[in-house]
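I opened this notebook to record what I looked up in the model, sheet by sheet and then chain by chain. The entries follow the order in which I checked things.

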Amino acid sequence: MTFPLRPLKPIIVKELRQVRRDPTSLGMLLVLPAAIIILVGYALNFDVKHTPMVIFDQDGTPGSRAFLDKFRHTEYFDERYDARSYPEIEELFLRGRAKIAIVVPAEFASRLVAGEEVHVQILVDGADANTAGQAVATATRLTADYATRLVADAFALRGGAFPVPIDFQPRIWYNPDLISSKFLVPGLIGFIIVLTAVISTSLTVVREKERGTMEQLMVSPLRPVEIILGKTIPYLGISLIAASAILVLGYLLFGVEVRGSILFLYGAITMIILGGLGQGLLISTVTDSQQVAFMISVFSSLLPSFLLSGFIFPIATMPVVLQVVSNLAVNKFFLIVVRSVMLKGVSFTAVWQPFASMAAFAAVTLGLSALRMRKRSA
Amino acid sequence: MRASLAVIGEMVRKEFYQIRQDRRMLAVSVVAPFVMVLLLGYAATTDITNSTLAVCDMDRTAASRAFVRNFTNTTYFIGRYAVDDPAALNPLVEEGKANIALVIPDGFSRKQLAGETAQVQVILDGTDANTANILLGYAQQIVASYAQGVTAQYLPLLGAARVGRIVPEPRIWFNPDLLSAYYMVPGVVALVLMIITMTLTSLGIVKEKEIGTLEQLMVTPIRSFELILGKLLPFTVIGFVDVVIVLAIARFWFGVPMVGAVPLVFALSALFILTTLGLGLFISTVARSQQQAMLIAQFFFFMPFLFLSGFAFPIANMPRVIQWVTYIIPLRYFLEIVRGVFLKGSGLAELWAQALALLAIGATILTLSVLRFHKTLE
């Protein structure tokens with residue numbers, strides 16, 4: 001089969017003209033991705049910091065206050081309330097005003113000096129399991145650190161030095177400061193591109209079907225493959241521009257740089273755009289109304305690229321069945337490739353498999369769409 | 001008044017007739033929530049358990065082995081690899097075979113006995129900043145607790161000057177096993193409900209605009225509020241059917257505890273649906289075509305709501321300005337309501353503010369849309 005380029009030109013021109021005639025949509029396709037990246041880059045991070053804290057100090061001595069200062073002077077917790085009873089804490093938890101409570105028992109300081117064991121309660125609102133787990137870990141660490149310090153101080157008081165027994169040195173690769181935007185921005189490129197690509201094409205064919213202009217296209221000498229390509233190419237251009245805007249903004253505003261090859265990165269971006277466009281076209285060819293097409297595209301692109309692709313939730317922690325299902329979210333492969341290229345700077349050989357999966361996804365969806373078109377025209 | 005009711009009744013009948021005609025639409029609006037909640041309920045998990053640990057123990061003493069056991073005895077880490085050369089850890093972390101690597105240098109035990117500081121190194125892949133952060137937190141906690149244990153051994157040396165032990169006692173309320181599904185599934189429920197109701201309304205009305213049948217309705221003696229009520233009521237019914245479906249899945253399939261009152265969830269769902277229908281109507285007054293409606297819905301509502309409602313990213317971590325923005329997001333309040341009633345058994349006493357906020361947003365957006373609706377048709 002040959003792909004003559006000449007017959008493609010009129011349909012590309014037609015699509016472009018249609019796009020131009022709706023400047024609102026075109027503007028949204030070009031500008032909104034950039035707006036979203038700014039919003040998300042600034043707004044979101046995973047650090048569990050500033051967890052609202054309530055303190056219940058039953059001791060009320062300088063000793064207990066010195067201990068509680070450990071919790072007050074971190075960015076992990078924000079002291080919001082002083083409680084005088086457990087019901088008060090429960091009330092604050094129920095209202096969502098506080099998520100962690102530190103309860104220091106009576107005689108905390110005096111019993112410590114007497115060499116006795118003191119139990120400090122760390123109450124946590126476990127509803128948000130992620131935040132709660134991390135808050136408990138941090139509070140436990142602060143408590144242990146303080147206890148270690150106490151012993152060291154006691155030795156120092158007697159003139160003997162007692163060093164902290166373990167020096168813990170974390171070495172974090174690729175993203176040493178664990179900056180969330182470095183993780184999120186590459187993911188966002190995929191997320192936004194898939195969405196815009198699916199949106200922009202999922203309605204195109206079905207719209208022509210609804211209006212009856214599809215028949216006109218069908219009786220023209222264009223082959224289904226040519227119609228599909230003609231509908232794909234203009235949006236490929238738009239999406240490439242939007243993706244470039246995200247890359248530039250990600251670099252300028254959030255310092256997310258591309259360590260690997262830019263050329264390879266654009267290869268991956270082109271693949272995911274084609275995959276998204278293919279998915280949209282396929283939806284468009286199998287549905288009969290724009291309403292259904294929209295619903296299907298939201299449920300097959302927005303939610304899966306957000307939840308199933310590893311964008312936010314690690315795929316490794318999902319049940320096995322779902323890990324298999326996640327292969328249907330083309331964004332998954334893009335994320336692997338782009339995070340590797342942007343953050344790790346790996347070469348093509350390291351990520352050719354997910355790259356090939358993207359290509360296969362694009363080929364299958366575009367091919368199926370062309371097949372569906374042919375059937376209709378037959 | 002009676003005449004009005006009759007008119008609305010007729011409108012509702014007509015709408016239901018149309019909905020029944022569009023079988024696919026109906027199927028999508030009932031089946032999609034079912035599938036989505038089922039699927040994404042599993043996907044949206046932040047439980048980090050059984051992370052693979054690689055150890056390079058160059059000390060090879062009882063003390064170093066005891067130290068490693070502190071890691072492997074938790075549910076967070078499983079010991080998967082043991083290597084002799086620290087360089088061998090690099091490929092394991094790089095290829096993602098080990099989520100975290102531990103290096104215990106030679107002299108770990110000797111230094112501790114001599115009262116010196118022993119170094120311990122941990123290596124993490126920071127590409128996934130979120131997971132790395134959580135793992136680092138757990139590792140720090142384990143090391144701090146170990147250090148506290150080591151110092152405690154030297155307490156007898158202090159003689160008369162005694163220092164007591166501080167024992168942290170974490171207690172987790174509402175979700176003692178820290179299952180993230182209990183937190184995320186109600187979130188997915190809210191998300192799916194929002195998408196279905198907003199899509200149905202916005203596209204349903206824009207479609208009539210596109211085809212021109214809205215003008216026909218306008219020239220009839222039907223008043224605009226009757227028209228709108230007639231349009232919205234059927235979508236409300238579908239929305240409620242969806243509420244029942246998705247809540248049932250959350251409760252009976254995922255076993256999310258239902259501590260609070262079920263009728264309260266339904267009553268407050270009605271308020272939430274009020275806001276989503278209002279927003280859908282608003283979109284329909286702004287958009288000129290279904291494609292525009294889709295773009296507006298996705299970029300101005302679904303995406304920001306997804307990111308800023310507290311669905312996956314805690315609002316407490318966001319910059320102050322963005323936190324203010326979250327106050328106008330209805331999904332934020334509904335998430336607090338659903339999670340509160342499900343997990344904490346919160347009642348109206350705790351949730352009245354959220355209910356009031358939903359009511360205010362719903363009333364405002366509906367009034368605004370009705371006014372705009374009126375104008376666009378003149």
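**Sheet with β1(A) and β2(A)**

I began with a single bridge and noted that P52(A) has D78(A) in β2(A) as its bridge partner. That bridge belongs with the pairing of strand β1 (residues 51–57) of chain A and β2(A), which run parallel and are joined by five bridges; I took strands as DSSP runs of E of at least two residues and helices as runs of H or I of at least four, numbered from the N terminus, and two strands as paired if DSSP finds at least two bridges between them.

Before going further I wrote down the conventions: this is a predicted model, in which local features need pLDDT of at least 70 and side-chain atom pairs count only at pLDDT 80 or more, while totals for chains, interfaces and linings use all residues. Residues are numbered from 1 along each chain as its sequence is written, and chains are lettered from A and ligands numbered from 1 in the order in which they are written.

I then traced the whole sheet, which is open, has five strands with mixed pairing, and follows the order β2(A)-β1(A)-β3(A)-β4(A)-β5(B). Its edges are β2 (77–82) of chain A and β5 of chain B, and because each has a single partner strand, one side of each is left without a neighbour in the sheet. Neighbouring strands here are turned by 25 degrees against each other on average, direction ignored.

At the chain crossing I found strand β4 (residues 118–125) of chain A paired with β5(B) in the parallel sense over eight bridges, with Q121(A) opposite E169(B).

**Helices on this sheet**

I looked up α3(A), which lies across β1, β2 and β3 (100–104) of chain A and runs at about 165 degrees to β3(A); axes are lines fitted to C-alpha atoms, for helices over the stretch in contact, and angles run from 0 to 180 degrees between N-to-C directions. Contact requires C-beta atoms, placed from the backbone, to lie within 7 Å.

R72(A) is in this helix, α3 (residues 62–72), and I recorded R72(A) as partly exposed because it has 13 C-beta neighbours inside 10 Å; 20 or more such neighbours within 10 Å would make a residue buried, and 12 or fewer exposed.

In α4 (residues 86–94) of chain A, I listed I89(A), L92(A), F93(A) and L94(A) as buried. After α4(A) comes G96(A), with a positive phi near 75 degrees.

**The other sheet**

I found an open sheet of five strands with mixed pairing in the order β5(A)-β4(B)-β3(B)-β1(B)-β2(B). Its edge strands, each pairing on one side only, are β5 (166–173) of chain A and β2 (77–83) of chain B.

Within it, β3 (residues 100–104) and β4 (residues 118–125) of chain B pair in the antiparallel sense over four bridges, and L102(B) stands opposite V122(B).

**Interface and chain A overall**

I counted 108 residues of chain B in contact with 112 residues of chain A. On the chain B side, the largest share, 19 residues, comes from α6(B).

Chain A has 15 helices and five strands, and 52% of its 378 residues count as buried. Its C-alpha atoms fill a box of roughly 95 × 45 × 40 Å along the principal axes.

Note on methods: Contact = placed C-beta atoms within 7 Å.
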